[in-house]
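Here's a quick tour of one protein model, written for someone just getting started. Have a look at the picture first, then read on.

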Amino acid sequence: MFERRLYHHVDFGMLAAVLALCSIGLACIYSATGGWTGIFQTQIYGIVLGLAALIVCLSVDYRTLTDKSHFIYIAIVALLLYVLFFGAVRGGSRRWIDLGAFNLQPSEFAKAAVALALAKLDRKSTRL
């Protein structure tokens with residue numbers, strides 16, 4: 001599932017540009033808010049989570065995701081059904097799963113699950 005040869009295909013120039021933009025953004029927030037504030041900390045957490053997501057996305061081979069796309073699709077449909085019956089109501093609509101520390105909106109993940117399922121369906125139809 002994890003691709004070991006993937007670091008050969010990383011565009012380090014692009015990664016350096018992204019890190020430079022993150023640093024400039026942090027410097028702007030620091031100077032605009034007057035120091036180490038909650039907004040500055042939130043931005044740092046966002047950058048760290050984004051870099052962790054980058055590592056995960058680079059580590060997982062997309063072909064294994066398409067092979068398991070039907071399981072992912074079924075899990076997302078189950079989450080959407082859970083929201084339909086037990087989801088938290090916010091702003092007059094029921095679309096969130098309240099997990100305590102954060103809220104999860106499965107409809108955002110459903111977009112990717114549908115794309116994976118359709119990619120697998122297309123891949124099967126081209127083999128015929």
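A helix here is a DSSP run (H or I) of at least four residues, and helices are numbered from the N terminus. Leu-84, for instance, has its place in helix α4. Keep in mind that this is a predicted model. The bullets below start at a nonpolar patch, then visit a serine and some aromatic rings.

**The nonpolar patch**

- About 1100 Å² of the surface is a nonpolar patch, with Tyr-73, Ile-74, Val-77 and Leu-81 among the residues that make it.
- Two elements each give two or more residues to this patch: α4, which covers 69-86, and α5, which covers 106-127.
- Helix α4 supplies the largest share of the patch, namely eight residues.
- Leu-84 is another residue of the patch. Is Leu-84 buried or exposed? Leu-84 counts as exposed because its relative accessible area is 52%, and the cut-off for exposed is over 50%.

**Ser-69, tucked away**

- Ser-69 also sits in helix α4.
- With a relative accessibility of just 1%, Ser-69 counts as buried, since buried means under 20%.
- What does Ser-69 touch, once you skip its neighbours within four places in sequence? The answer is Leu-116, Ala-117 and Lys-120.
- A polar atom of the Ser-69 side chain also lies 3.1 Å from the backbone oxygen of Thr-66.

**Aromatic rings**

- How many aromatic pairs does the structure hold? There are three.
- One of them is Trp-36 with Phe-40, an edge-to-face pair whose centres are 4.9 Å apart, with 65 degrees between the planes. It counts as edge-to-face because the angle is over 60 degrees.
- The two partners are covered quite unlike each other: Trp-36 is exposed at 57% relative accessible area, whereas Phe-40 is buried at 8%.
- Another pair is Tyr-82 with Phe-86, which is tilted: 5.3 Å centre to centre and 45 degrees between the planes.
- Tyr-82 and Phe-86 are about one helical turn apart, because they are four residues apart in helix α4.
- Tyr-82 is partly exposed at 39% relative accessibility, while Phe-86 is exposed at 59%. Both Tyr-82 and Phe-86 belong to the nonpolar patch too.
- Which residues form one aromatic cluster? Tyr-30 joins Trp-36 and Phe-40 there.

Key: Residues are numbered from 1 along each chain as its sequence is written. This is a predicted model: local features need pLDDT of at least 70, side-chain atom pairs count only at pLDDT 80 or more; totals for chains, interfaces and linings use all residues. Side-chain values use heavy atoms; hydrogens and water are left out. Patches are made of residues with over 30% relative accessible area and no salt bridge: like charges are joined within 9 Å, nonpolar side chains (Val, Leu, Ile, Met, Phe, Trp, Tyr) within 5 Å. Accessible areas come from the Shrake-Rupley method with a 1.4 Å probe; for residues, only the protein chains shown count as cover. A salt bridge is a side-chain nitrogen of Lys or Arg within 4 Å of a carboxyl oxygen of Asp or Glu. Buried means under 20% relative accessible area, exposed over 50%, partly exposed in between (1.4 Å probe, protein chains only). A polar contact is a pair of N or O atoms within 3.5 Å; within protein, one must be able to donate a hydrogen and the other to accept it, and residues adjacent in sequence count only if both atoms are side-chain atoms. Contact means heavy atoms within 4.5 Å. Rings of Phe, Tyr and Trp (its six-membered ring) pair if their centres lie within 6.5 Å; planes under 30 degrees apart count as stacked, over 60 as edge-to-face and the rest as tilted.
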